[in-house]
Amino acid sequence: QANVTRIEIDTDEGKRVIDDKKKTKEIVRSLSQLEVKKSKELDPKFDQAYWVKIVENGKDAYGLTIYDDDYIKAFNFKDKKQATYTIVKDQKVDVKRLFSTK
(Lines give C-alpha, C1' and ligand atoms only; values in the text may rest on other atoms or scores of the structure.)
Protein backbone atom coordinates (compact mmCIF):
# COMPACT_ATOMS: atom_id res chain seq x y z
CA GLN A 1 0.00 0.00 0.00
CA ALA A 2 2.80 2.43 0.87
CA ASN A 3 4.49 2.09 -2.51
CA VAL A 4 1.44 2.86 -4.67
CA THR A 5 2.70 5.85 -6.61
CA ARG A 6 -0.23 6.41 -8.94
CA ILE A 7 -3.70 5.21 -9.78
CA GLU A 8 -5.23 5.62 -13.22
CA ILE A 9 -8.99 5.48 -13.52
CA ASP A 10 -10.72 5.21 -16.86
CA THR A 11 -14.48 5.55 -17.24
CA ASP A 12 -16.87 6.40 -20.02
CA GLU A 13 -16.61 9.99 -18.77
CA GLY A 14 -12.87 10.16 -19.24
CA LYS A 15 -9.56 9.33 -17.65
CA ARG A 16 -8.24 10.50 -14.32
CA VAL A 17 -4.74 10.11 -12.93
CA ILE A 18 -4.21 10.31 -9.20
CA ASP A 19 -0.71 10.66 -7.85
CA ASP A 20 -1.56 12.48 -4.64
CA LYS A 21 -0.33 10.21 -1.84
CA LYS A 22 -3.27 10.89 0.46
CA LYS A 23 -5.86 10.14 -2.24
CA THR A 24 -4.11 6.99 -3.51
CA LYS A 25 -3.94 5.72 0.08
CA GLU A 26 -7.65 6.41 0.58
CA ILE A 27 -8.57 4.51 -2.60
CA VAL A 28 -6.33 1.54 -1.81
CA ARG A 29 -7.67 1.40 1.75
CA SER A 30 -11.29 1.47 0.53
CA LEU A 31 -10.64 -1.23 -2.06
CA SER A 32 -8.80 -3.44 0.40
CA GLN A 33 -11.76 -3.31 2.78
CA LEU A 34 -14.16 -4.65 0.15
CA GLU A 35 -15.49 -8.06 0.99
CA VAL A 36 -15.45 -10.20 -2.15
CA LYS A 37 -15.90 -13.81 -3.09
CA LYS A 38 -14.59 -15.60 -6.14
CA SER A 39 -17.00 -15.62 -9.05
CA LYS A 40 -17.38 -17.78 -12.12
CA GLU A 41 -18.97 -14.87 -14.00
CA LEU A 42 -16.87 -14.21 -17.08
CA ASP A 43 -19.00 -11.57 -18.72
CA PRO A 44 -20.75 -9.45 -16.07
CA LYS A 45 -23.72 -7.29 -17.06
CA PHE A 46 -23.21 -3.70 -15.98
CA ASP A 47 -24.20 -0.06 -16.43
CA GLN A 48 -20.92 1.58 -15.47
CA ALA A 49 -17.43 0.13 -15.59
CA TYR A 50 -14.27 1.55 -14.05
CA TRP A 51 -10.89 0.51 -15.39
CA VAL A 52 -8.36 1.05 -12.65
CA LYS A 53 -4.60 0.64 -12.95
CA ILE A 54 -2.56 0.63 -9.77
CA VAL A 55 1.07 1.62 -10.25
CA GLU A 56 3.69 0.77 -7.62
CA ASN A 57 7.08 2.49 -7.81
CA GLY A 58 6.54 3.38 -11.46
CA LYS A 59 5.58 -0.17 -12.51
CA ASP A 60 2.11 -1.43 -13.41
CA ALA A 61 1.10 -3.67 -10.51
CA TYR A 62 -2.62 -4.40 -10.74
CA GLY A 63 -5.42 -3.83 -13.17
CA LEU A 64 -8.95 -3.81 -11.81
CA THR A 65 -12.16 -3.59 -13.75
CA ILE A 66 -15.02 -2.74 -11.46
CA TYR A 67 -18.49 -3.32 -12.87
CA ASP A 68 -21.03 -1.09 -11.10
CA ASP A 69 -20.62 -2.18 -7.50
CA ASP A 70 -21.22 -5.84 -8.28
CA TYR A 71 -18.05 -7.37 -9.70
CA ILE A 72 -14.31 -6.81 -9.76
CA LYS A 73 -12.07 -8.37 -12.35
CA ALA A 74 -8.51 -8.28 -11.03
CA PHE A 75 -5.35 -8.71 -13.07
CA ASN A 76 -1.89 -9.04 -11.57
CA PHE A 77 0.73 -7.68 -14.00
CA LYS A 78 3.54 -9.57 -12.26
CA ASP A 79 2.23 -13.11 -12.60
CA LYS A 80 -0.31 -12.38 -15.36
CA LYS A 81 -3.12 -13.96 -13.36
CA GLN A 82 -6.71 -12.80 -13.63
CA ALA A 83 -9.70 -13.52 -11.42
CA THR A 84 -13.27 -12.28 -11.14
CA TYR A 85 -14.88 -11.56 -7.79
CA THR A 86 -18.40 -10.74 -6.69
CA ILE A 87 -18.60 -7.82 -4.30
CA VAL A 88 -20.56 -8.97 -1.28
CA LYS A 89 -23.68 -6.80 -1.00
CA ASP A 90 -24.57 -4.24 1.66
CA GLN A 91 -21.16 -2.69 1.85
CA LYS A 92 -20.58 0.94 2.50
CA VAL A 93 -18.21 1.69 -0.35
CA ASP A 94 -19.54 4.09 -2.95
CA VAL A 95 -17.56 3.16 -6.02
CA LYS A 96 -18.95 6.09 -8.00
CA ARG A 97 -17.85 8.58 -5.34
CA LEU A 98 -14.48 6.90 -4.81
CA PHE A 99 -13.58 7.15 -8.48
CA SER A 100 -15.50 10.30 -9.37
CA THR A 101 -13.74 12.29 -12.06
CA LYS A 102 -14.98 15.54 -10.52
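**Briefing: a charged cluster, a nonpolar core and paired strands**

At 11% relative accessibility, Glu8 is buried, since the cut-off for that class is under 20%. This carboxylate still has charged company: Glu8 shares a salt bridge with Arg6, another with Lys15 and another with Lys53. The model is predicted. The points below cover its salt bridges, core, strand pairing, loops and aromatic pairs.

**Salt bridges around Glu8**

- The structure holds 6 salt bridges by the rule used here.
- Arg6, Glu8, Lys15, Lys53 and Asp60 are joined in one network of such bridges.
- Arg6 and Glu8 meet at 2.9 Å, N to O. Arg6 is partly exposed, at 31% relative accessibility.
- Between Glu8 and Lys15, the closest N and O atoms are 3.5 Å apart. Lys15 is exposed, because its relative accessible area is 53% and the class begins over 50%.
- Between Glu8 and Lys53, the closest N and O atoms are 3.6 Å apart. This pair links distant parts of the chain: Glu8 sits in strand E1 and Lys53 in strand E4, 45 residues apart.
- Lys53 is partly exposed, with 24% relative accessible area.
- How does the burial of Glu8 compare with the classes of its partners? Glu8 counts as buried, whereas Arg6 and Lys53 count as partly exposed and Lys15 as exposed.

**The nonpolar core**

- In soluble globular proteins, nonpolar side chains tend to be buried together.
- The largest nonpolar core here has 19 residues. Ile7, Ile27, Leu31, Val52 and Phe99 touch the most other members.
- Strand E1 (4-11), helix H1 (21-32), strand E4 (49-56), strand E5 (59-67), E6 and helix H2 (95-98) each give two or more residues to this core.
- What does Val52 contact, sequence neighbours within four places aside? Its contacts are Ile7, Glu8, Ile9, Tyr62, Gly63, Leu64 and Phe99.
- Val52 thus touches two of the other residues listed for the most core contacts, Ile7 and Phe99. Glu8, of the salt-bridge network, is also among the contacts of Val52.

**Strand E7 and its partners**

- Strand E7 (residues 81-87) pairs with strand E3 (residues 36-38) in the antiparallel sense, over 3 bridges. Val36 has Ile87 as its bridge partner in E7.
- E7 also runs antiparallel to strand E6 (residues 71-76), joined to that strand by 6 bridges. Here Ile72 is matched with Tyr85 of E7.
- Thr84 lies in E7. Thr84 is buried, because its relative accessible area is 7% and the cut-off is under 20%.
- Beyond its neighbours within four places in sequence, Thr84 contacts Lys37, Lys38, Ser39, Glu41, Tyr71, Ile72 and Lys73. Among these, Lys37 and Lys38 fall in the residue range of E3, while Tyr71, Ile72 and Lys73 fall in that of E6.

**Loops with positive phi**

- The hairpin of E6 and E7 has 4 residues between the strands. Lys80 is in this loop.
- Lys80 has a positive phi of about 60° although it is not a glycine. Lys80 is exposed, at 59% relative accessibility.
- Asn57 is in the loop between E4 and E5. Phi of Asn57 is also positive, near 50°, in a residue other than glycine.
- Asn57 counts as exposed, with 52% relative accessibility.

**Aromatic pairs**

- The whole structure contains 2 aromatic pairs.
- Phe46 and Tyr67 form a tilted pair, 4.9 Å centre to centre with 50° between the planes.
- Phe46 is in the loop between E3 and E4 and Tyr67 is in strand E5, so the pair ties together parts 21 residues apart in sequence.
- Phe46 is partly exposed, at 40% relative accessible area. Tyr67 is buried, at 10%.
- Phe75 and Phe77 form an edge-to-face pair, 5.1 Å centre to centre with 90° between the planes.
- Phe75 is partly exposed, at 24% relative accessible area. Phe77 is partly exposed too, at 26%.

Terms used. Residues numbered from 1 in each chain as written. Predicted model: local features only at pLDDT ≥ 70, side-chain atom pairs only at ≥ 80, totals over all residues. Heavy atoms only, no water. Pairing = 2+ DSSP bridges. Buried < 20%, exposed > 50% of the residue type's maximum accessible area, 1.4 Å probe, protein only. Contact = heavy atoms within 4.5 Å. Core = buried A, V, L, I, M, F, W, Y, C linked by side-chain atoms within 4.5 Å. Phe/Tyr/Trp six-rings, centres within 6.5 Å; stacked < 30°, edge-to-face > 60°. Salt bridge = Lys/Arg side-chain N within 4 Å of Asp/Glu carboxyl O.
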